[in-house]
Amino acid sequence: MEPDFTSHPDDTRLEMYSMGKLGSDEAAAVEEHLLLCADCQVRLEEAETFIRTFRRVAPAIETPRPRSAGWRLGAIAAALVLASGLAWWGAQRGPEPPPVAVTLTALRGDPAGVAAGRHLRLVLDLTGLPAEHAYAVEIVSREGRAIWSGTLAAGRTEIETGKPLAAGRYFVRVASPRGDPLREFALRAE
Ligand SMILES: [Zn+2]
């Protein structure tokens, strides 16, 4: 039988596993599922508790096989190693640096400078633009190639770009939802 990571073994199967009544292939499949499924780990505990209780009343029943206790310790150890590994990995990666705010004004002569390779929060001067329910914001390269686009809700003037810019010159274009160009800002990443 193939290991099955998606379907939970039913109660009967768990009890049979606990009592060592499954064939080795079936037992291995249940164990592989148990490694990944916290719900079934709890169910196994309950099944074993039930069997122990039942055994006191009816001593003839077979005892849970010792290897299931060993398996639990192994699974807990594996989970701890995994958790500490993930914590270490998270610490190495560190938090994502916050986006750099860049204020773009329509009257500015020079392009606004930003740090290349950082996420940006564009602060846009939309003074005097016709009222729209939203604005389309686009970053294009100096050659006019689309780099990033987003939508700015009405009443907002700030938008975060999900894409860090490589060093170079860009234009930030603001358009109506119908695509009419409304304003353009120059941007320099370095
Ligand atoms: Zn399960």
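A residue is taken as buried when its relative accessible area is under 20%. By that cut-off Cys 40, at 0% relative accessibility, counts as buried, and Cys 37 is buried too, because its relative accessible area is 9%. The model in which these values were computed is a predicted one. Both cysteines belong to the zinc site, which makes a convenient place to begin.

The zinc ion is held by two kinds of donor residue: His 8 offers ND1 and His 33 offers NE2, while Cys 37 and Cys 40 each contribute SG. The coordination distances run from 1.9 to 2.3 Å. Readers who like to check geometry will find that the angles subtended by the 4 donor atoms fall at 108 to 112 degrees, and the arrangement is therefore tetrahedral. Along the chain, the donor residues follow the spacing H-x24-H-x3-C-x2-C.

Attention now turns to the strands. An open sheet is built from 5 strands, and reading across it gives the order β2-β8-β7-β4-β5, with mixed pairing. The edge positions are taken by β2 (112–114) and β5 (146–153); each has a single partner strand, so one side of each lacks a neighbour in the sheet. On average, and with direction ignored, neighbouring strands of this sheet are turned by 25 degrees against each other. Within the sheet, β4 (residues 134–141) pairs with β7 (residues 168–175) in the antiparallel sense, and 6 bridges connect the two. For a specific point of reference in this pairing, Ser 141 stands opposite Tyr 170 in β7.

Charged contacts complete the picture. The structure holds 7 salt bridges, and three of them are described here in turn, beginning with the pair Asp 11 and Arg 43. The closest N and O atoms of this pair are 2.7 Å apart. Asp 11 sits in helix α1 (residues 11–18) and Arg 43 in helix α3 (residues 38–57), so the salt bridge ties together parts that are 32 residues apart in sequence. Neither end is buried: Asp 11 counts as partly exposed because its relative accessibility is 48%, and Arg 43 is likewise partly exposed, with a relative accessible area of 21%.

Another salt bridge joins Arg 121 to Glu 158, with 2.9 Å between the closest N and O atoms. Here the link runs between distant parts of the chain, from strand β3 (residues 120–124), which carries Arg 121, to strand β6 (residues 158–161), which carries Glu 158, the two residues being 37 residues apart. Arg 121 is partly exposed at 27% relative accessibility, and Glu 158 is partly exposed at 33%.

The remaining pair to describe is Arg 178 with Glu 132, whose closest N and O atoms are 2.9 Å apart. Both residues lie in loops: Arg 178 in the one between β7 and β8 (181–189), Glu 132 in the one between β3 and β4, so parts that are 46 residues apart in sequence are tied together. The two partners sit in contrasting surroundings, for Arg 178 is exposed, with a relative accessible area of 58%, whereas Glu 132 is buried, with a relative accessible area of 17%. This contact is also part of a network, in which salt bridges that share partners join Glu 132, Arg 178 and Asp 180.

Key:
Residues numbered from 1 in each chain as written. Predicted model: local features only at pLDDT ≥ 70, side-chain atom pairs only at ≥ 80, totals over all residues. Heavy atoms only, no water. Pairing = 2+ DSSP bridges. Helix = DSSP H or I, 4+ residues; strand = E, 2+ residues; numbered from the N terminus. Axes fitted to C-alpha atoms, helices over the stretch in contact; angles between N-to-C directions. Donors = N, O, S within 2.8 Å, 3.2 Å for Na, K, Ca; no water. Tetrahedral: all angles 85-135°; square planar, octahedral: opposite > 155°, others 65-115°. Buried < 20%, exposed > 50% of the residue type's maximum accessible area, 1.4 Å probe, protein only. Salt bridge = Lys/Arg side-chain N within 4 Å of Asp/Glu carboxyl O.
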